[in-house]
Each structure stands twice: as structure tokens, then as C-alpha cells.
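Thanks for passing this one along. Here are my notes, set out as numbered points to read beside the structure.

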Amino acid sequence: MTRLLMAGFLLLGAVAQVRADDASDPYALEAAKARVIRAAVTRVQSRIVTVETIGGAQPIAAGPEGVREEAFRLADGPTTGVIVSADGLILTSSINFARNPTVITVTLDDERRFVATLLGRDEIRRLALLRIEANGLSPAEWAPADEIHVGQYAIACGRGIPGDAPFASLGIVSAIGRRNGNAIQTDTKVSPINYGGPLIDIDGRVMGICVPMAGSGGALAGAEWYDSGIGFAICKEKYEFVSERLAAGEVIEQGKIGVALEEDESLIGDFLEQLLPTKEQAVRIREVMPGTPASAAGLRKGDRILAMDGQPVGDVPEMQRRLSDRAAGETITLTIKRRWRRFEVTLTLARTEDLGTIQAPESRPDEESSDDDDHTDPDAEAGEATSRPADE
Amino acid sequence: MKRVGRFRICLALASVMATLSGRGAVADDQPVRSAPRVVAPNSTERAFSRAWPGVVKLYGRGIGREHGYGTGILVSADGLIVTVLSLLSARDGARVVLPDGQTLTARFVRKDEYRQLALLQIDIEDSSYIELADSSKLALGDAVFAMGNWFKVAEGREPVSINRGIFSVRTKLDARRLTQDFAYEGDVLMFDAMTSNPGAPGGPLLDIDGNCVGIIGRIVEASATNTRINYAIPSEELRAFAFGAQATSAPAGEAEATVEKKEGYVGISISRLGFRHVAPYVSRVRAGSPAEKAGVLADDLILAVDDVTIRNAKDYRDAIRRLKPGDKSRFVLKRGARIVAVNIDVEEKP
């Protein structure tokens with residue numbers, strides 16, 4: 001806010017200076033602002049593409065009431081993608097492929113059209129990576145993370161509405177580091193018009209890729225928040241975090257441990273413990289589902305989870321929030337308290353569809369006691385024998 | 001990159017930019033008084049002060065026992081009001097609340113089923129009204145303002161609300177893809193201010209000077225997105241309706257076409273594996289047909305016909321219906337991993 005009076009604009013070398021004495025004329029500033037927006041969108045325009053899909057079906061959500069179509073109905077109109085490499089990688093949002101289309105095409109700004117291959121999807125960050133057989137493309141220029149600030153202008157661009165120019169919505173960066181640090185929050189109108197498209201700064205640099213990212217659940221979760229003034233865009237660092245896995249064709253989805261959690265509200269039996277000044281925040285396992293990473297690791301009902309990867313978990317929502325960012329296949333270490341014992345277990349997160357089929361490894365679960373006083377494993381293991389696999 | 005910072009636009013001037021209007025909520029974009037006011041009246045204030053004497057609130061018949069409400073634009077000194085066609089506006093007797101709080105009863109003048117507009121008149125002399133400006137001057141990024149009786153939050157004598165956004169693009173919405181009663185196939189103006197809310201249709205879209213560049217259209221969902229969209233019908237259509245020739249039910253050319261059209265023939269059969277949403281794969285190309293001469297092959301997937309995207313067999317049938325013998329039609333096809341375009345000389349059906 002140090003430059004309240006002065007606004008100088010420099011775009012692509014063309015100088016559109018607004019002098020200090022022009023600041024008293026709101027129209028000079030309005031005209032300059034419109035020019036800046038235009039220049040920013042023009043600059044990114046050749047780096048964004050129109051994605052079209054053919055075939056597929058409306059995704060189905062399985063909920064407590066059974067299988068049903070999601071409340072938000074995905075349309076079959078065009079969507080948006082951003083060129084991220086000169087040799088044909090296109091970054092977009094996974095929601096654009098929730099129908100599992102049989103054919104995907106990508107049309108560049110110069111109207112060349114290609115058949116695209118869907119490489120990988122990240123259902124946590126709602127990203128998808130496409131490849132087209134093209135070279136010499138102009139990849140998007142990213143805005144460095146340290147140049148993205150709350151309050152600065154943001155423009156969400158999309159190709160979801162056919163037209164000579166992309167659809168652009170102007171707003172600001174509302175927050176950074178949202179959704180487990182994955183997303184920039186913006187008050188620009190984010191909707192199926194620009195899911196997969198870029199959120200740019202006024203230099204036309206990409207700050208993030210617009211995705212639906214509110215709520216949790218099915219493939220379309222968050223889309224019902226469209227145009228609400230609460231939009232999300234995945235920042236560069238988070239794309240780079242998964243870019244190799246996406247390029248390798250992986251489907252990254254939220255990992256599960258297979259337990260039901262409840263708040264650790266101590267019962268009478270824990271009365272003494274509660275008096276201790278050092279009582280630790282924990283969440284308690286209400287139930288361990290069979291055939292899950294949790295059962296394979298020997299976790300039991302009533303165990304308290306003190307920490308995940310060394311960080312205290314606090315309460316159930318906090319635990320769930322942190323788990324929501326971890327993908328199937330990744331390992332986490334839980335610090336468990338069982339009665340007076342404390343130990344760590346390492347488990348590999350499972351895909352939802354694999355729950356119920358996970359079996360404990362031949363060797364005993366790797367449980368290490370972090371206390372020196374009790375190195376023997378809890379009696380738990382005796383009980384685990386039944387859920388252990390028979391010899392293969 | 002050292003250009004950061006140089007680009008900061010004065011935030012004080014933008015205090016009304018960050019509209020947080022969501023579905024089910026209305027943000028009133030009055031300028032924030034606490035922001036540093038370093039300049040003369042800002043452009044939103046000026047647009048509002050110029051336009052508000054020409055925007056009226058409408059009340060009347062709604063669906064069932066609901067009371068209808070909406071917005072209208074005064075377009076002449078003798079009290080002509082343009083609004084969208086609805087139960088409320090398609091008859092005499094709509095209650096009009098003028099910007100000064102005066103209430104009058106409107107007379108129905110005429111309607112335009114195609115543009116979905118209605119013209120009303122109130123008995124008034126020397127009424128204030130809004131100038132209809134040239135919408136073609138709008139460019140991407142230009143500020144626009146929408147005014148309206150959203151959710152009828154402007155009660156009693158209060159004036160309507162104003163929202164700010166930017167103009168994006170002038171485009172066509174494929175009418176048959178919208179809700180069934182939306183027949184309009186002309187240009188629409190797309191912008192990012194929230195107007196797809198009850199009561200908003202019929203209000204003006206203003207340019208930076210507070211002149212009317214369009215009228216907020218009826219609430220529709222674009223089938224390209226399955227979302228409600230914010231759009232306006234350009235002022236030229238408004239002018240043509242209010243001051244031009246009498247209402248038409250459809251553009252003239254359209255009506256002609258359906259009468260004298262001979263059926264075009266290209267000779268492509270589409271695979272019939274399902275119903276409406278089957279992908280438009282070519283199952284057979286008739287020997288000697290225009291399609292065969294142009295090189296269409298079985299198993300090609302039809303992506304577009306004459307720049308209209310083909311998503312399913314129904315789209316294809318609709319596109320074929322538009323072709324006339326003698327047309328040169330451009331088909332875009334997916335063949336394996338390639339995209340090819342062919343020009344087909346449409347013939348008369350044998």
C-alpha cells in the first residue's frame with residue numbers, strides 16, 4: 001500500500017504510464033487497468049488450450065444412501081488446460097475427465113487440434129496431465145511463490161465458454177497456502193468455465209491452476225461452490241511435487257488407513273491420567289476395519305494416536321485434514337499410546353478400493369517403542385494372529 | 001524478475017472490485033467508505049449516480065402463489081420500460097417502483113419471444129432514463145456494472161443494487177443447449193459480475209460511463225458448463241426491440257430456411273450403439289457418396305461439422321439437418337491419433 005497514489009504499468013515492454021497527476025482522473029486509471037488486464041490475458045492466451053472430451057458417463061458417487069449421481073452434473077462442453085512444456089505436456093484439472101471420456105482432444109490458441117492422452121491424475125489436488133504430440137509450444141510462465149501475496153490482483157482464465165478470447169474473471173488473491181498448503185484461494189469467479197485454466201497475475205504469469213477443491217468426497221466435490229467467491233488454484237510447487245508421478249501415468253488418490261476415529265474424551269478409567277499436567281492431545285481409534293493398513297499394522301480399538309510423522313495430531317478434524325493430503329502408497333508413521341505404552345507404527349496408505357484386502361506382512365509389524373522402559377510389544381499382537389494371513 | 005511491485009495497482013481504487021456475491025447471497029457493492037479516498041468520485045460511484053434514475057423495480061405476478069419481482073430499464077422520457085419476458089411482464093398491471101420511490105402501474109406494450117424481452121410503459125412525463133450505448137466498444141478487461149433488484153433486497157423506496165465486474169467476451173450461446181424456453185441465438189455479452197440471481201434479469205449492464213450496454217438476461221444454465229452463467233443481451237438488440245421494427249418470433253433467415261430447404265446428403269452412417277449420448281463414430285460410408293469422395297473412413301470420429309462441435313449422435317443429426325445441397329461442409333475427424341479435416345460437397349438426397 002505504499003504506492004497508493006501512483007500506478008505505473010509496464011507490459012511487454014510497452015509503456016503505459018499513468019503519471020501522478022493523472023491519478024486524480026479515475027478514467028485514466030480505469031482505462032489503464034483495463035489495458036493491463038487485457039495485456040495479461042493476451043500474454044497467457046497462447047499458453048492455454050481448449051480441452052474437449054467425447055464419450056464417458058456422468059460420475060457416480062457412492063454414499064451412505066447408496067449409489068447415486070453426484071448432485072453437480074458435469075457438462076460435456078469444452079474445458080481448459082495450460083501448456084507446461086514445449087514438448088506437449090498440458091496441465092489441467094482432473095474434474096474435466098471425471099466422465100472417463102474415450103477421446104480427448106486439445107485445441108491450441110492457433111487452432112491446431114490434437115488428440116491427447118491422459119497421462120496421470122491427482123485426485124487430491126484435482127490435477128490431470130495430458131500429452132499431445134507437438135513440439136515448440138510456449139509453456140506458461142509461472143509466478144514465483146514468493147511473489148504471490150494476499151490482496152494482489154488475480155485473473156482466472158478459461159476456455160469453457162466459446163469465444164474469440166478466453167473468459168476472464170478479475171479478483172484478488174484471498175489467501176495462500178489453503179487446503180493443506182496446496183492452493184491459492186481467490187475471489188475470482190472459478191467455475192467449470194475455467195477449471196483447468198490458469199489463475200494469473202497482472203503480468204500474465206500463472207499463479208495456479210483453477211480446480212474445484214472444497215469439501216471432500218466424489219469426483220465432482222467442490223464444483224457446487226462455483227462462482228461463490230471462494231475459488232482455488234493449485235500452485236506451481238504442488239504441481240511440481242507430483243509432476244513426475246503424473247507424467248509416469250500414476251493416479252494419485254487419497255490414502256486410507258482403515259480406522260474410525262473419535263475424540264479422546266477420557267473415561268473414568270483415565271481419570272488419573274487426566275490429572276497429569278502433561279496429558280497429551282490425541283485421537284482415539286474407535287474401530288479398526290479388517291484388511292486395512294491399520295489392521296495389518298496391529299492397531300487396535302482404543303489405541304490413541306498421539307502424532308503423525310512426529311507432529312501432534314490434535315483432534316479428529318486435524319488428523320483427517322492431514323491425512324487428506326497424503327496419497328495411497330505413501331507411508332506415515334503414527335505415534336501410538338496403548339495404556340501406558342507408547343510406540344510407533346509405520347503404515348502404507350491404501351487406496352479406498354483396496355480396503356478390506358490388505359494383509360499384514362509375514363514379519364511382525366514394525367513397532368518400535370519410543371520409551372526405554374518397555375520394549376516388549378503390547379499384548380496386542382497375540383490377538384492379531386487371527387487377522388494375519390495364513391501361509392500363502 | 002524485478003518487476004514485482006511496479007505493477008501494484010492502487011488498491012484504494014479497487015475497493016469495490018472484490019465482490020463476494022455468492023449464490024444465495026448478495027453483495028452490495030457500495031464503495032467502501034473507510035478506504036483512502038485519494039481521487040475524485042470513483043468510476044463506480046459515477047456510473048451508479050448516472051444510471052440509478054433509470055432503473056426501476058418491478059413487482060407482480062409470479063409462479064403459483066409467489067409474488068414475482070424483477071428489474072426494468074427506463075429507456076425513454078415518456079416512460080418506456082424494457083425488461084425480460086416473464087409472467088410479471090407479459091401483461092398489464094406490473095407494479096413499477098421508480099428510483100424516487102414513486103409507485104406506478106405499467107401498461108403492457110409488446111413482447112419479443114425471440115429475444116425474451118417485454119416492453120412496458122408508465123404514465124409519466126419527462127422521466128429520467130438510461131442512454132443505450134454502443135456495446136461493440138467493450139473490450140476484454142473493461143469495467144462493467146450490473147444493477148438490479150436482486151433477491152428483492154432493495155425494499156420499499158430503496159434503489160436497486162450495483163455490482164462490478166469485467167467484460168470478457170462477446171459470444172453466442174447455443175440456444176438449443178440452454179433451457180428449453182431460451183430461443184435467443186444472437187450475441188451475448190459475458191462478464192464476471194454475479195447476475196444469475198433472482199430479480200437480476202431485466203436490469204442494465206453499464207459501461208464505465210454508466211450507459212447501458214446490455215440487459216441482464218433470464219437465468220439460464222449453459223449446457224457447455226451446466227452452470228448458471230452471467231450474461232447480458234447487447235444494447236443493440238434492446239434498441240431494435242424498443243425502437244425498431246415490431247417484435248419478431250425468430251430471425252427472418254431462420255424461418256425461411258425451414259420452409260424451402262432441401263435435405264442435404266453426405267452418405268455417413270453413425271454407429272448406433274446407444275441412444276443420445278453415443279459418440280459419433282462413422283460406422284459406414286456409402287459407396288459413391290460425397291463423404292466417400294472426400295475420404296471419410298469407417299471408424300472416423302466426427303469432432304466438428306462447419307466449426308460446430310459434435311459431441312454425440314444427436315449433435316451430428318442436428319448438424320446434418322442444417323446442410324443444404326451445394327454446400328461445401330468442413331468435417332473435422334479423429335482418425336487414430338490424428339485429426340484430419342475434409343471438405344464434403346453436400347449433394348441432394350438420392
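**Notes on the predicted model**

1. Let me begin with Ser127(B), which is buried, with a relative accessible area of 7%. Please keep in mind that this is a predicted model. Ser127(B) belongs to the loop that runs between β7 (117–121) and β8 (143–148) of chain B. Setting aside neighbours within four places in sequence, its contacts are Leu74(B), Ser76(B), Ala77(B) and Gly79(B).

2. A word on chain B as a whole. It holds five helices and 23 strands, and of its 350 residues 54% are buried. Among contacts in chain B with a separation of 6 or more, 62% are between residues 24 or more positions apart. The chain exposes about 15700 Å², and carbon and sulfur atoms supply 50% of that area.

3. How is chain B divided into domains? The domain assignment gives domain 1 (46–121), domain 2 (143–243) and domain 3 (264–348). Between the C-alpha centres of domain 1 of chain B and domain 3 of chain B, the distance is 47 Å.

4. An open sheet in chain B is worth a look. Its four strands follow the order β20-β19-β21-β22, with antiparallel pairing. At the edges are β20 (308–309) and β22 (338–345) of chain B, each of which pairs on one side only. Strand β19 (residues 301–305) of chain B is joined to β21(B) by four bridges, and the two run antiparallel. Within this pairing, Leu301(B) has Lys334(B) in β21(B) as its bridge partner.

5. Over in chain A, I would look at strand β3 (residues 48–54). Is this strand enclosed or open to the outside? Seven of its seven residues are buried, so β3(A) is largely enclosed by the rest of the structure. Ile48(A), Thr50(A), Glu52(A) and Ile54(A) point one way from the strand, while Val49(A), Val51(A) and Thr53(A) point the other way; all are buried. You may like to pause at Glu52(A), which is among these buried residues.

6. The same strand has two pairings to trace. With strand β6 (residues 79–83) of chain A, β3(A) runs antiparallel and shares four bridges; here Ile48(A) has Val82(A) as its bridge partner. With strand β8 (residues 103–107) of chain A, β3(A) again runs antiparallel, through five bridges, and Val51(A) is partnered by Val106(A).

7. On to the aromatic residues. How many aromatic pairs does a search of the whole structure find? There are three over all chains. In one of them, Trp142(A) and Tyr239(A) are stacked, at 6.2 Å centre to centre and with 15 degrees between the planes. Trp142(A) lies in the loop between β10 (127–132) and β11 (153–158) of chain A and Tyr239(A) in helix α3 (residues 236–247) of chain A, so the pair ties together parts that are 97 residues apart in sequence. Both partners are buried: Trp142(A) has a relative accessible area of 15%, and Tyr239(A) one of 9%.

8. Chain B has an aromatic pair with another geometry. The planes of Tyr316(B) and Phe331(B) are at 75 degrees and the ring centres 6.3 Å apart, so this pair is edge-to-face. Because Tyr316(B) is in helix α5 (residues 313–322) of chain B and Phe331(B) in strand β21 (residues 328–335) of chain B, the pair ties together parts that are 15 residues apart in sequence. Tyr316(B) is buried at 5% relative accessible area, and Phe331(B) is buried at 0% relative accessibility.

9. Two arginine side chains deserve a quick check in the viewer. The charged end of Arg245(A) sits over the ring of Phe241(A), 5.4 Å from the ring centre. In chain B, the charged end of Arg110(B) sits over the ring of Phe241(B), at 5.5 Å from the ring centre.

10. Finally, a glycine in chain A. Gly291(A) is placed in the loop between β19 (283–288) and α5 (293–296) of chain A, and at 13% relative accessibility it counts as buried. Although Gly291(A) and Thr357(A) are 66 residues apart in sequence, their C-alpha atoms are 4.8 Å apart in space. Beyond neighbours within four places in sequence, Gly291(A) is in contact with Asp354(A), Leu355(A), Gly356(A), Thr357(A) and Ile358(A).

How values were computed. Residues are numbered from 1 along each chain as its sequence is written. Chains are lettered from A and ligands numbered from 1 in the order in which they are written. This is a predicted model: local features need pLDDT of at least 70, side-chain atom pairs count only at pLDDT 80 or more; totals for chains, interfaces and linings use all residues. Side-chain values use heavy atoms; hydrogens and water are left out. Domain bounds come from an automatic or database domain assignment. Buried means under 20% relative accessible area, exposed over 50%, partly exposed in between (1.4 Å probe, protein chains only). Contact means heavy atoms within 4.5 Å. Rings of Phe, Tyr and Trp (its six-membered ring) pair if their centres lie within 6.5 Å; planes under 30 degrees apart count as stacked, over 60 as edge-to-face and the rest as tilted. A charge sits over a ring if NZ of Lys or CZ of Arg is within 6 Å of the ring centre and within 35 degrees of the ring normal. Accessible areas come from the Shrake-Rupley method with a 1.4 Å probe; for residues, only the protein chains shown count as cover. Two strands pair if DSSP finds at least two bridges between them.
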